[in-house]
Amino acid sequence: MFKKILIANRGEIALRVMRACRELGIATVAVYSDVDRNALHVRYADEAYLIGPGPPLESYLSIPKVIKVAKAAKADAIHPGYGFLSENASFADACKKARKVFIGPPAKAMRLLGDKISAKRCVGAAGVPLVPGTDEEVDAEAAARIAGEIGYPVLIKAAAGGGGKGIRLVSDPDQMNDAVRGAASEATAAFGHGGLFVEKYLSPVRHVEVQVIADRHGNAVALGERECSIQRRHQKLVEESPSVAVDDDLRQRMLAAAVAAAKASNYENAGTVEFLLDSDKNFYFLEVNTRLQVEHPVTELCTGIDLVAEQIRVAAGERLSFTQEDIRPTGHAIECRISAEDPYNSFMPSLGHVDWVEEPSGPGVRVDSSLFSGAEIPYHYDPMLAKLICWGPDRSAAIQRMVRALREYVVVGIQTNVPFHLQLLADERFLRGEFHTGFLEAEFSMASPDGQPEEQAALLVAAVLAHQKRRRPPAVAAPAGDGSAWKAAGRERTLENRPPRRGWHQRTG
Ligand code: MV4
């Protein structure tokens with residue numbers, strides 16, 4: 001087993017990985033940028049090295065800098081977390097060259113699956129259903145011919161793409177030339193490769209993904225599905241497992257397809273096989289994410305498996321500690337991504353100083369967080385600060401627990417999207433499980449802070465007043481420890497001064 005692991009990441013995921021290392025008795029090495037000097041992952045690690053300024057290209061994305069620290073600190077292996085270098089096959093090569101184990105799939109599998117065209121060809125050949133379209137690169141002429149055959153609307157997608165970049169919707173032949181030109185230039189700019197393919201545009205669809213993990217001894221196991229349709233501009237906001245749309249028969253087929261995709265690509269380590277699921281319960285392979293994902297805790301809470309510990313073990317050459325038959329997911333788990341974004345202001349990033357934080361806890365609640373009182377939220381990185389994950393015996397118990405936990409969240413100094421989550425979790429369609437990938441953008445609108453629908457013109461004045469109230473910097477609730485702040489805020493109650501007709505348990509704030 002490894003003695004020391006370098007974690008080439010920051011924020012909550014760096015902490016998550018280090019916690020697994022510590023439980024396994026493995027020493028941890030952090031890397032950090034200037035603006036992360038006081039970050040939690042730096043304090044948690046056994047050793048930490050400054051690697052450069054805030055912009056990711058000069059720090060967390062710099063392969064030479066990360067490799068240099070790994071060598072100097074004598075780390076045996078490198079865990080890339082998600083984002084940054086996690087899906088960079090050249091980084092996996094660089095690790096190998098420096099004789100550091102990359103905790104992830106082989107570079108060859110990363111390259112095969114990173115190209116969506118070769119991924120479709122490989123996974124399709126294993127019998128997994130594909131969206132009607134091409135598994136070959138197309139130009140505008142070929143795209144128009146194929147679209148004529150499968151019927152409009154179609155999507156033009158970048159082979160090097162993923163996560164929504166380099167995609168164009170084409171509803172009729174007139175739009176084809178512009179769409180192909182636009183997608184190709186966007187893909188070239190973003191990925192350095194402008195190859196395109198065509199697919200029938202399926203709508204409405206759900207986004208359902210299957211967690212897999214494989215060892216280097218030919219064992220591959222599927223750990224259940226996650227429903228990820230609650231997203232906005234390709235950013236997931238809420239994930240849950242199991243999916244309300246997946247019954248036992250469908251699950252068995254989707255999990256078998258995911259294992260077939262892993263085996264066909266000679267996959268090793270943790271990965272996620274993404275599918276689209278239509279309203280007739282047909283599923284179609286989309287792509288494979290060759291990393292640990294943000295939403296992995298949802299699967300951990302239902303299966304009891306520590307995915308990061310398992311990633312480390314299989315990267316060290318061990319066999320998976322379980323078989324497919326051992327996996328019996330129990331209950332229901334939901335994750336809300338907590339980010340520094342103002343849901344009342346089109347999810348604008350809300351950066352700066354965090355004056356005070358109190359995070360939820362209690363039965364069935366997990367908080368994977370990089371927040372602390374006094375934290376600075378830098379501008380250079382993703383605004384996701386924490387993940388709140390709740391488990392319950394069934395979906396409604398998990399949701400009730402999540403509502404309870406969200407109400408416990410206190411973050412003073414910056415805006416967070418907690419109010420969005422509370423409103424979503426009260427939405428009838430969400431509660432019935434009736435949603436698709438277009439739900440948030442097409443069917444959900446954020447109410448104003450006092451709970452009134454924003455679009456009601458008659459309430460404009462009230463909304464503006466509420467807005468101004470919200471904008472005023474909140475009083476810092478940092479208690480002095482002797483209750484004086486509470487008393488000064490006029491919130492201290494005794495039996496004598498108790499206001500009439502207000503129950504003790506009634507919220508006063
Ligand atoms: C699709 C699709 C409908 N039909 N492909 C968007 C990101 C990329 N990874 C795949 N995406 C989609 N591909 C076909 N043939 C709809 C989407 C899509 C989507 C997929 C997953 C999660 C959120 C999404 C939001 C909008 C569109």
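**Close-up 1. Residues surrounding the ligand in the predicted model**. The ligand is surrounded by 17 residues, and the closest of these are Lys 157, Glu 199, Lys 200, Leu 202 and Glu 287. By class, this shell comprises 7 nonpolar, 6 polar and 4 charged residues. Three strands, β6 (154–162), β8 (196–200) and β13 (283–289), each contribute at least two residues to the shell.

**Close-up 2. Polar contacts to nitrogen atoms of the ligand**. Glu 199 places a polar side-chain atom 2.9 Å from a nitrogen atom of the ligand. For Lys 200, a backbone N or O atom is found 2.7 Å from a ligand nitrogen atom. Glu 287 also takes part through its side chain, with a polar atom 3.1 Å from a nitrogen atom of the ligand. Of the 520 Å² of accessible area that the ligand has on its own, 88% is covered by the protein.

**Close-up 3. Helix α1 and the residue just after it**. Helix α1 spans residues 11–23, 13 residues in total. The distance from its first C-alpha to its last is 19 Å, close to the 18 Å expected at 1.5 Å a residue. Just after α1, Gly 25 adopts a positive phi of about 75°.

**Close-up 4. Burial along helix α1**. The helix is mostly covered, with 10 of its 13 residues buried. The buried residues of α1 are Gly 11, Glu 12, Ile 13, Ala 14, Leu 15, Arg 16, Val 17, Met 18, Ala 20 and Cys 21.

Definitions and conventions:
Residues are numbered from 1 along each chain as its sequence is written. This is a predicted model: local features need pLDDT of at least 70, side-chain atom pairs count only at pLDDT 80 or more; totals for chains, interfaces and linings use all residues. Side-chain values use heavy atoms; hydrogens and water are left out. Helices (H or I, at least four residues) and strands (E, at least two) are DSSP runs, numbered from the N terminus. The expected span of a helix is 1.5 Å times one less than its number of residues. Buried means under 20% relative accessible area, exposed over 50%, partly exposed in between (1.4 Å probe, protein chains only). A residue is near a molecule or strand if one of its heavy atoms lies within 4 Å of it. A polar contact is a pair of N or O atoms within 3.5 Å; within protein, one must be able to donate a hydrogen and the other to accept it, and residues adjacent in sequence count only if both atoms are side-chain atoms. Accessible areas come from the Shrake-Rupley method with a 1.4 Å probe; for residues, only the protein chains shown count as cover. Ala, Val, Leu, Ile, Met, Phe, Trp, Tyr, Cys and Pro count as nonpolar, Asp, Glu, Lys and Arg as charged, and the others, Gly among them, as polar.
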